[in-house]
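Work through the exercises below with the structure open beside you. Try each task before you read its solution.

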Amino acid sequence: MSNLAYKKQSVTELDYKLLLSYDLNYGFNILKNSVIEWQGISLEFSIIGSSHFVKINATEEDELIELIACIGVNDITAENIIKQKKLVDNHQYKYSKKITPAYMYRFYSETIEDYLVDHQEFKDKYMDTGCDRYLEYVFPSPGGLAITSIEIYQKIDKLIWVTYHSYPDEKKIIKTRSVIEVRSG
C-alpha cells in the first residue's frame, strides 16, 4: 500500500509536456524508477507523486522529458517547453517529433470512461503481462482505485511505453502510448 497521504487530484489538472531537459532539476518525489539503455538512448522511467515522467537522453544536446502530471513546474521557462497540452480536453491526442536524425518520438493519448474498484479489476481490464518491464504505484484514495502504471516494450526498431493514470472521483482513465522509432534512411 501507499506511504503517501491522500491528495485529491483532478483529471482536468493533468498536463502533457515535452520539455528540453539538459539544465532542469525538478526535485520530483520519485516513487518507482527504472532505467533502460536501448539503441544508444538512455531512458529513465519514473512514477512520481503526481503521475510520471520519462527522461530521454539521445545525446547530450538532445535530452528530453515527457512529463504527464497534475502539477505546475515553476522552473520551466517557455524556451524549455516543446509541447504542452491538457489531455482530458482531447478525447484522443497525437503528437510526433524527430528527436535526432536517427530517432522519431510519437505520443498518443486517450480518455477512457471507467471506474476501477480494485487492483484486480485494473489488472484484468488493462494490464498487459507481455511487456518487458512494468512499473506501477497505487495511490491512496478514499474511493476507487487511483493508480499510475507504465508498461515498457523493447523491440529492435522501436521502444514503446504505455501508461495508465486513473482518477476514480471522475471515473476517468488517461491512457498514453509513446514510441521512439529508429528512422530508416
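**Exercise 1. Confidence**

Task: Find the mean pLDDT of the chain, and name the elements where confidence is lowest and highest.

Solution. Begin with the whole chain. This is a predicted model, and its mean pLDDT is 87. Of the residues, 91% reach 70 or more. Now go to single elements. Confidence is lowest in strand 6, residues 81–86, with a mean of 88. Confidence is highest in strand 11, at 96. A general caution applies: where pLDDT is low, the predicted coordinates should not be read in detail.

**Exercise 2. The open sheet**

Task: Give the strand order of the open sheet of 6 strands, and explain why one side of strand 7 and of strand 9 is left without a neighbour in the sheet.

Solution. Step one is the order: 7-8-12-11-10-9, with antiparallel pairing. Step two is the edges. Strand 7 (92–100) and strand 9 (133–139) stand there. Each has a single partner strand, so one of its sides has no neighbour in the sheet. Step three is the twist, which averages 10° from one strand to the next. As background, strands of a sheet pair through backbone hydrogen bonds, either parallel or antiparallel.

**Exercise 3. Counting bridges**

Task: How many bridges join strand 9 to strand 10, strand 8 to strand 12, and strand 11 to strand 12? Name a facing residue pair for each.

Solution. Take the pairs in turn.

- Strand 9 and strand 10 (residues 146–154) run antiparallel and are joined by 7 bridges. Here Y134 has E151 of strand 10 as its bridge partner.
- Strand 8 (residues 103–113) and strand 12 (residues 172–182) run antiparallel, with 11 bridges. I112 is partnered by I173 of strand 12.
- Strand 11 (residues 158–167) pairs with strand 12 in the antiparallel sense over 10 bridges. Opposite I160 stands V179 of strand 12.

**Exercise 4. From strand 2 to strand 4**

Task: Follow the chain through strands 2, 3 and 4. What joins strand 3 to strand 4, and is strand 3 largely enclosed or left open?

Solution. Start with strand 2 (residues 30–38). Strand 2 pairs with strand 3 in the antiparallel sense over 8 bridges. In this pairing, N33 stands opposite S46. The two strands form a hairpin with 2 residues between them. Q39 in that turn has a positive phi of about 50°.

Next, go from strand 3 to strand 4. These two also pair in the antiparallel sense, over 7 bridges. S42 faces N57 of strand 4. A hairpin of 2 residues joins the strands.

Last, check burial. Strand 3 (residues 41–48) has 7 of its 8 residues buried, so the rest of the structure largely encloses it.

**Exercise 5. Two positive phi values**

Task: S51 and K171 each have a positive phi. Where does each lie, and is each buried, partly exposed or exposed?

Solution. Take S51 first. Its phi is near 145°, a positive value in a residue other than glycine. S51 sits in strand 4 (residues 51–57). Its relative accessible area is 2%, so S51 is buried, the cut-off being under 20%.

Now K171. Its phi is about 55°, also positive, and K171 is not a glycine. K171 lies in the loop between strand 11 and strand 12. These strands form a hairpin with 4 residues between them. With a relative accessible area of 46%, K171 is partly exposed.

**Exercise 6. Two buried residues and their contacts**

Task: For Q9 and F122, state the place in the chain, the burial and the contacts beyond four places in sequence.

Solution. Q9 comes in the segment before strand 1 (15–20). Its relative accessible area is 19%. Buried means under 20%, so Q9 counts as buried. Q9 touches G49, S50, C70, Y167 and E170.

F122 is in helix 1 (residues 119–125). Its relative accessibility is 1%, so F122 is buried. Its contacts are L116, M127, Y134, E136, L145, I147, S149 and Y164. One of them, Y134, is the bridge partner of E151 from Exercise 3. Finally, take a distance. F122 and S166 are 44 residues apart along the chain, while their C-alpha atoms are separated by 9.6 Å.

Conventions:
Residues numbered from 1 in each chain as written. Predicted model: local features only at pLDDT ≥ 70, side-chain atom pairs only at ≥ 80, totals over all residues. Heavy atoms only, no water. Pairing = 2+ DSSP bridges. Axes fitted to C-alpha atoms, helices over the stretch in contact; angles between N-to-C directions. Buried < 20%, exposed > 50% of the residue type's maximum accessible area, 1.4 Å probe, protein only. Contact = heavy atoms within 4.5 Å. pLDDT = per-residue confidence, 0-100.
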